[in-house]
Amino acid sequence: MSLRDETLRYLGYRGQELGPAEEDALVRAISECGKISKPARVWREFELYNAPGGLGVGGTVLTLPGKDVSRLLCGCQRVILSAVTLGLGLDREISLQFRRDASFGLFLDAAASAFIEEACDRLEAELRDDAQSRGFFLSRRYSPGYGDLPLSVQPLILEILDTGRRIGVTCSPSFIMTPRKSVTAITGLNKDKPPDAANSCKGCDKQYSCPYRRP
Amino acid sequence: MNIRELVKNDILIFDGAMGTMLQQAGLPAGAPPEVWAMERKDVLLNIHRAYVEAGADVITANTFQANELKLGDIPVEEAVAFSVRCAKESGARFVALDIGPTGQMLEPMGSMTFDEAYRIFARQMICGEKSGADCIIIETFSDLYEAKAAVLAARENTSLPVICTLTFQEDGRTFVGCDPVSAAVTLSGLGADALGVNCSLGPGELLPVVEKLLAHSVPPVIVQANAGLPRYRDGETVYDITPGEYAAHAFEMARRGVRILGGCCGTTPEFIREVKKAVSGVPPVNRQVKYAGAISSGVRTVFLGDGVAVIGERINPTGKKKLREALKNGDLDYILGEGTDQAEAGCDALDVNVGLPELDEPAVMARVTRSLHGVVNLPLQIDSADPAAIEAGVRACTGRPIINSVNGKASVMAEIFPIAQKYGAVVVGLTLDENGIPPDAEGRLAIARRIVETAGLYGIAPGDLLIDCLTLAASAQQDQVMETLKALRLVKKELGVHTVLGVSNVSFGLPAREIINATFLAAALGAGLDAPILNPLSERYMEVVESFRVLSGEDKDSARFTQKRGGESSSPAQAPQAGGGLSLRDIILQGRREEAAIAVKSLLETLPPMEIVTGYFIPSLDIVGERFEKGEIFLPQLIRSADTVKNGFEILRERLKASGEEGGGKGPILLATVHGDIHDIGKNIVKMLLENYGYDIIDLGRDVPPETVVEAILERDIRLAGLSALMTTTVRSMGETIGLARKKAPGCRFFVGGAVLNPEYAQMVGADFYARDAMESVEIAKSFFK
């Protein structure tokens, strides 16, 4: 999907008529986002093993709990933890623009969400190429807060990736990441078989009610 | 000899990486290194000893994250004492207590408060000093404000020398946006014993940052670079330069004036050995430091005297009814709007005055200052007659502020200069004293001289003073106008100070005040005024400033002026017309924001304000709302219409206030984003719509503790309150807030909303109503206040 379509999707767009004001805001928001965001990313690959209470990430103190992540990583020998961010300047700009012109602020916020997803997609594609060259299949990416994987694993993932120092991402006691447009992800590597390659909405327990679901 | 003395003549060598060494020794990723090493003292001791043997003068204790947020069950005191003693046991000449960031973002971008960060650091530092550390190194900070909390914690709770380093990225800024010049002038002002850069990049890449630090840092500069740029190999971080290459860079830095060198990620004892060899014997360098007159917001630094620095005067309740009310109601939004408007108009610093007798001025000053830093990147001028409010304000500033003001009275100087000295602020000095304002220039020069001399006793240089020779009204004391300008020239020439002047007083009592003010401004700039205090929203004043910058040569090749004004003569600015005859209803339906004000003004000629609300705003919004509910328009279109009404409302409010009638008058409704949550776009949309419908909104902002909500409910007798939360983790705070209110303020009803909420959640947290979207909160309010 294009950045334009994704931006509209985050705005809850359902095919309404777009006037010149919306067209203009859309183009401007995407261009501003490109100018202001400072994409940065970090990732590390680990062995995966069965641990009490979930899947153990080798060489770290992290155990991934829950059924959903077990299903995702079922049969995987290795796992990649990653974090991607667009930087703090964009947060500032969004709140400034919202103050100046609320409607445009919404466009900018939505465009930023589309940008961060795109940055994640790009990293995933690179990791997939790299994995394939080493004879691995790559699972789709999964994030804390999806399904039954609790947000509470967030601080440890950030710690392991040393995100505070590497890309400037931190996390509050209620697990809100700063900068706002930041994503952490878990991706499995499997030597033996390709994991089911559905888009990230299928299989989600909110797939029929979520306003942001992908077509 | 202590470290402060030592660096005067010798180069000081710090050790290299600790994390890299611990990982090599088996530290699992994600485990707190401080705790892990407590169980493996020999590992830690061997690392320290290897650095001592390599020639490091200072060994950094393994306390980077030995704080209560990271240690879990182990008391900070135990961990710090263990690590400092272990470092001492290695035979180190000096031991540094290592202080890393808390790992959380401070307000306003995050939710941790300055005081909380300060307390966490102070606890580590008190214990570090007790355990025998010789100095404190505050390192790897991105946020200058958090670094300030740490430096103040060190200076207020220990007597140890304080070194502070930030980490900069390839664009020359930290993740939070701080640049090296702002870091250097701010940390110099705060009294750091050394300041500099660590981590993030290799020594080669850091050179441009280091040069800026050297140019603006008063104390010695320290560099602890990584062993090159981090690269990923097989998912692991590796660094790419050799100890020899690193040492060559270190030598180059020492030659340029860096006095403390060490290493960060990827460096090992071998690196330190080479650095020691390379730099020993490099003599001290006499640096030219540009510091006096620097004012900074932490992301932008202005040097007084380099050109005209316009100080925006609008955040001051004197004679401003709207701002007074905003302050009384805690309506930060309005105040921040005054800040962003002035910033957009092109001013260089903002004066902040929140003095109202009924307010807790220090608390309000800190809150406003803090919040302004979140939305504007300009240095601030803390303006108050109350020393406590001044201290609260400068403490809450991220960069290097201005204090407004002292005068020639000894008692005032004795109260204010210690604050300026401690926080490193620039100070405005008024040329008046117990006997009032001297009538002649020589008298004012004499007072200015006294101010300069007294400031000197506190270590405040003349260049860090902004002398105000005081503007008097031409209508009352016509002969005084030129005397003020004469005094201005004199103080600049005789005392080497900078000058500041409020211009608008000159026209008091005269018609067409802007004309008089603008001419006086031009004359004052010609006389050498560095910093006019004025209303930057006045186009006329900014024209004078911009054109003066051309004439004085500050605007090189007239580039800025041409960029802004080029082509102006050919096409005079078109004032927006009311939509080619569109009705206010259509203007709202189409969301033509710029046209609302004009249409409302023309309707006001025939209709009373409230009829415009009931006859135009509400019916139009109802149509927009219905279209939104039906999916005929989507959110940004709804919001554009709401914004259009908001613009129209501004005009009505002015009219209503002028005629003494009350504003919207419905409600009031309290709104807050709950504790722990900082996502407030949804709440702001709800606020805008409710205000459009004429409800008075008390907006408590985001991350609001339950107690604050309940206090506000009781204080203002609120019957309906709306809470928002975006995260599943913060929905819990919603329940806590409503639970507390049920006990203490049972009369209040709650509606809730936010991305993760649904009717079941709303019921679970005990809410009375669930608002699926912003329009639904309007419906809830309408039926509630029927």
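Mentor: Two residues are in contact if their C-beta atoms, placed from the backbone, lie within 7 Å. Keep that handy, and remember that this is a predicted model.

Trainee: Okay, so which residues does Val427(B) touch?

Mentor: Leaving out residues up to four places away in sequence, Val427(B) touches Ile403(B), Val406(B), Ile416(B), Ala420(B), Ala455(B), Ile460(B), Asp464(B), Leu465(B) and Leu466(B).

Trainee: And which residues touch the most other members of the largest nonpolar core?

Mentor: That core has 198 residues, and Val427(B) is one of those touching the most other members, along with Ile136(B), Ile138(B), Val151(B), Leu261(B) and Ile403(B). Helix α7 of chain B, residues 144–157, is the top contributor with nine residues. Domain 1 (3–279) and domain 2 (294–554) of chain B each put in at least three. Another core, of 130 residues, lies apart from it and includes Ile157(A), Leu603(B), Val704(B) and Leu757(B).

Trainee: How many residues does each chain bring to the contact between chains A and B?

Mentor: Chain B brings 43 residues and chain A brings 43 residues. On the chain B side, α25(B) gives the most, with six residues. That side splits into 19 nonpolar, 19 polar and five charged residues.

Trainee: Now helices. How do I read a packed pair?

Mentor: Two packed helices are described by the angle between their axes and the distance between those axes. Here, α1 (residues 3–10) and α2 (residues 20–36) of chain A pack at about 110°, with axes 11 Å apart.

Trainee: Why is α1(A) called roughly perpendicular to α2(A)?

Mentor: Because angles of 65 to 115 degrees count as roughly perpendicular, and theirs is about 110°. Leu3(A), Arg4(A) and Thr7(A) of α1(A) meet Leu26(A), Ala29(A) and Ile30(A) of α2(A).

Definitions and conventions
Residues are numbered from 1 along each chain as its sequence is written. Chains are lettered from A and ligands numbered from 1 in the order in which they are written. This is a predicted model: local features need pLDDT of at least 70, side-chain atom pairs count only at pLDDT 80 or more; totals for chains, interfaces and linings use all residues. A nonpolar core is a set of buried Ala, Val, Leu, Ile, Met, Phe, Trp, Tyr and Cys residues joined through C-beta atoms within 7 Å. A residue is buried if 20 or more other C-beta atoms lie within 10 Å of its own, exposed if 12 or fewer, and partly exposed in between; C-beta atoms are placed from the backbone. Helices (H or I, at least four residues) and strands (E, at least two) are DSSP runs, numbered from the N terminus. Domain bounds come from an automatic or database domain assignment. Ala, Val, Leu, Ile, Met, Phe, Trp, Tyr, Cys and Pro count as nonpolar, Asp, Glu, Lys and Arg as charged, and the others, Gly among them, as polar. Axes are lines fitted to C-alpha atoms, for helices over the stretch in contact, and angles run from 0 to 180 degrees between N-to-C directions.
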